[in-house]
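Please open the structure in the viewer and keep the selection tool at hand. The tour below proceeds stop by stop.

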Amino acid sequence: MRHYTTRKKSMFLLLMVFFLFACTSCSNGQPHAKQVKLPEEEDGLTIWAWDEAFNITAAKAAKEIYEREHPDSVIRVVTVAQDDIVAKLNTAFASGVFDELPDIVLIEDYRIPWYLHHYSEKFANLSDIADADDFAPYKTEMNQMGGDMYGIPFDCGVAALFYRTDYIEQAGYSRKDMENLTWDKYIEIGKAVKEKTGKYMLSLNPGDLGQIRMMLQSAGSWYTDENGRQNIVGNGVLREAILTYKKMVDAGIAVHIADWNQFVGAFNSGEVASVPTGCWVSPSLQKAADQAGKWAVAEIPRMKGVKASVNASSLGGGGWYVLKDAGHEEEAKNFLKETFASNVELMDRLVEEIHLVSTLKAASKTQNYREGVAFFGGQKIFEDFAEWVEEVPTVNYGEDTYEIETRMEEAFQKIMDGVDMDVVLEGTFAAAETADKGVGEQ
């Protein structure tokens, strides 16, 4: 009984202390005592991106530079897989629940038109912190609406032809021969390489239509027209691109691969003589240190049968966007203003750290752009990339690039197997194009 009474008194005293503390905090209209947040709970900016070695490294470098001028800022850079970013954005926008969204997010160029068309009100207008004229023209097409700019272009996917100088020379050709190529000439050289060295000219993945995209954009064309409507049936540029791809396959100059690892393995192992793709492949090429000095870079080939086709194109790339409902719109905009939208020091640093080819025009004047790269025999590849960026045709990616390619892959395989192209494309896409045009004309 005594222990029970003692416990009751102790409880009573504790309650009184708590009551007095609460009253003191609330008396005279004073606010409650502020809770102390742990470092990971501190308010601040959150940035989402994918790829630790590239995008995340860039975001962390931007954070470091921003914190010099804003030492009290709290910035969290979080790695989120690209597919997960897409899924989380879709869920949040559809549900109206934004608690888990970041303040700044990286979005791929091929995906952003859909978001801006359906959810433009969820993205901050960045026209007051950046000027579209400061970036490569083809990169600002997809992130503008009504003359307003909603994204800060980041990495440049300018296309290039990386090639082994030793294999090309063994086949009887020179560096000069690799410049200003058509795809037909490229195939001719590929045949000689295969005959003289036993090496394939390139690798091709039937499940990845990146080669087709590069050919399309080189002629200012896409799966959609200038208004964003589906443009497959009757698209002469697409037809020529598919025929060119088929010529490569039929010529026996391509080794078939199935994924990224096999793609990288083909050139790191010395199995292929060239890699026509986006400039972002450069770091992967340089992983094969024993091949240093054996590689060079030229412009991407053009399609001989298409008058509008030029020796310039693009593959991939993304931009930084501010989400309004995350709660830190102005601070997030200021972060981008002082980093990716204007900071040439950051761009110069990222050339060295991640081999970034920036879409910010001023970046081409920095020191690292003017340096030769030993792996490529001292060639000033970043100067070349910057020059080719200016020539990339602008296209409207539309809202459904990946949805169209999902259907295109099956059609594409039938065409590779010998089924008539016009029959396949019309059977796969004609109804969808009719419906698309019908909706647009209402």
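In what follows, helices and strands are DSSP runs numbered from the N terminus, a strand having at least two residues. The model is a predicted one.

**First stop: the largest cavity**

Select Leu-202, Ser-203, Gln-211, Phe-263, Val-272, Ser-274, Val-275, Pro-276 and Thr-277, which line the largest cavity. The space inside this cavity is about 50 Å³. Which element gives the largest share of the lining? That element is β10, with 4 residues. Both β8 and β10 supply at least two residues each. By residue type, the lining of the largest cavity consists of 5 nonpolar and 4 polar residues, with no charged ones.

**Second stop: the second largest cavity**

The whole structure holds 2 cavities of 30 Å³ or more. For the second largest, select Trp-50, Gln-82, Ile-85, Val-86, Leu-89, Leu-106, Ile-107, Glu-108, Arg-111 and Tyr-115, which form its lining. Two or more residues of this lining come from each of α3 and β3, and the largest share, 4 residues, belongs to α3. The volume of the second largest cavity is about 40 Å³. Its lining divides into 7 nonpolar residues, 1 polar and 2 charged.

**Third stop: the largest pocket**

Turn next to the largest pocket, whose volume is about 1200 Å³. Among its 38 lining residues, select Glu-108, Asp-208, Trp-260, Phe-263 and Trp-280, the closest to the centre of the pocket. Glu-108 has already appeared in the lining of the second largest cavity, and Phe-263 in that of the largest cavity. To view the elements around the pocket, colour α2 (52-69), α3 (82-95), β3 (104-108), β8 (202-204), α8 (210-218), α10 (260-268), β10 (274-278) and α11 (282-285); each supplies at least two lining residues. The lining of the largest pocket comprises 17 nonpolar, 12 polar and 9 charged residues.

**Last stop: a pair of helices**

Finally, select residues 236-251, helix α9, together with residues 401-416, helix α15. How are these two helices placed? Their axes lie 11 Å apart, and the packing angle is about 55°. An angle between 35 and 65 degrees is neither roughly parallel nor roughly perpendicular, and α9 and α15 are therefore oblique to each other. Their crossing is right-handed. Show the side chains of Leu-238, Ile-242, Tyr-245, Lys-246 and Val-249 on α9, and of Met-408, Phe-412, Ile-415 and Met-416 on α15, to see the residues that make the contact. Of these contact residues, 8 are nonpolar, none is polar and 1 is charged.

Conventions. Residues numbered from 1 in each chain as written. Predicted model: local features only at pLDDT ≥ 70, side-chain atom pairs only at ≥ 80, totals over all residues. Heavy atoms only, no water. 1 Å grid on protein atoms, 1.4 Å probe; cavity = no way out; pocket = protein on both sides within 12 Å on 5 of 7 lines; lining within 4 Å. Points joined across faces, edges and corners; volume = space filled by probe spheres on them. Nonpolar A, V, L, I, M, F, W, Y, C, P; charged D, E, K, R; others polar. Axes fitted to C-alpha atoms, helices over the stretch in contact; angles between N-to-C directions. Parallel < 35°, antiparallel > 145°, perpendicular 65-115°, else oblique. Left-handed = near helix turned anticlockwise from the far one by under 90°. Contact = heavy atoms within 4.5 Å.
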